[in-house]
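Take a moment with the model below. We will look at its cysteines, then at what is packed inside.

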Amino acid sequence: MEKICIVCPKGCRLFITQENGKINVTGNFCPRGVKYAEQEILDPRRVVTAVAPTDSASQPFLAVRTPDMVAKAKIPGILTKIYALRLKAPIAAGTVVLENCDGEGTPVITCMDLD
């Protein structure tokens with residue numbers, strides 16, 4: 001398997017193989033690439049960014065995100081919950097609009113104000 005490491009701007013091309021339950025990584029220029037590759041194989045995670053509908057005619061959508069990474073497999077369910085929201089003005093940036101979106105305690109917060 002081939003992945004581009006996103007840990008730093010260098011963008012190393014990682015080559016990942018698994019043999020006898022062991023993960024082997026080549027192509028990395030630092031140890032962080034190995035850790036990233038192992039994470040991608042064993043438990044891929046991402047920060048979720050999306051837009052949630054609002055009740056505002058001038059700003060019908062508001063940018064939201066998870067402050068922490070969540071399991072990649074849970075993203076479709078989280079997006080379904082976000083798209084079902086109807087945010088009401090006013091709301092400040094950083095406000096929690098969805099608690100425990102992933103069953104592990106991760107909230108969804110606003111990225112900007114809605115007046």
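Cysteine 30 is partly exposed, with a relative accessible area of 25%. This comes from a predicted model. The residue misses the buried class because that class needs an area under 20%.

Does cysteine 30 have a partner, and which cysteine sulfur is nearest? The nearest one belongs to cysteine 8, at 5.5 Å. A disulfide needs two sulfur atoms within 2.5 Å, so cysteine 30 is in no disulfide.

Cysteine 111 is likewise in no disulfide. Its nearest cysteine sulfur is that of cysteine 101, 13 Å away. Cysteine 111 counts as partly exposed, at 37% relative accessibility. Across the whole structure, the search finds zero disulfides.

Now turn to the interior. The largest nonpolar core has 17 residues. Val64, Ile82, Leu87, Val97 and Val108 have the most contacts inside it. Several elements feed this core. Strand S5 (49-53), strand S6 (61-65), helix H2 (75-83) and strand S8 (96-98) each supply at least two of its residues. Helix H2 gives the largest share, three residues.

Valine 64 is a good place to start looking. Leaving aside neighbours within four places in sequence, valine 64 is in contact with Ile82, Leu87, Val97 and Val108, among others. Its contacts also include Val48, Thr49, Ala50 and Ala52. Ile109, Thr110 and Cys111 are on the list too. That last name is the cysteine that is in no disulfide.

Apart from this core lies another, of eight residues. Among them are Ile16, Ile23, Val25 and Tyr36.

Terms used: Residues are numbered from 1 along each chain as its sequence is written. This is a predicted model: local features need pLDDT of at least 70, side-chain atom pairs count only at pLDDT 80 or more; totals for chains, interfaces and linings use all residues. Side-chain values use heavy atoms; hydrogens and water are left out. A nonpolar core is a set of buried Ala, Val, Leu, Ile, Met, Phe, Trp, Tyr and Cys residues joined through side-chain atoms within 4.5 Å. Buried means under 20% relative accessible area, exposed over 50%, partly exposed in between (1.4 Å probe, protein chains only). Helices (H or I, at least four residues) and strands (E, at least two) are DSSP runs, numbered from the N terminus. Contact means heavy atoms within 4.5 Å.
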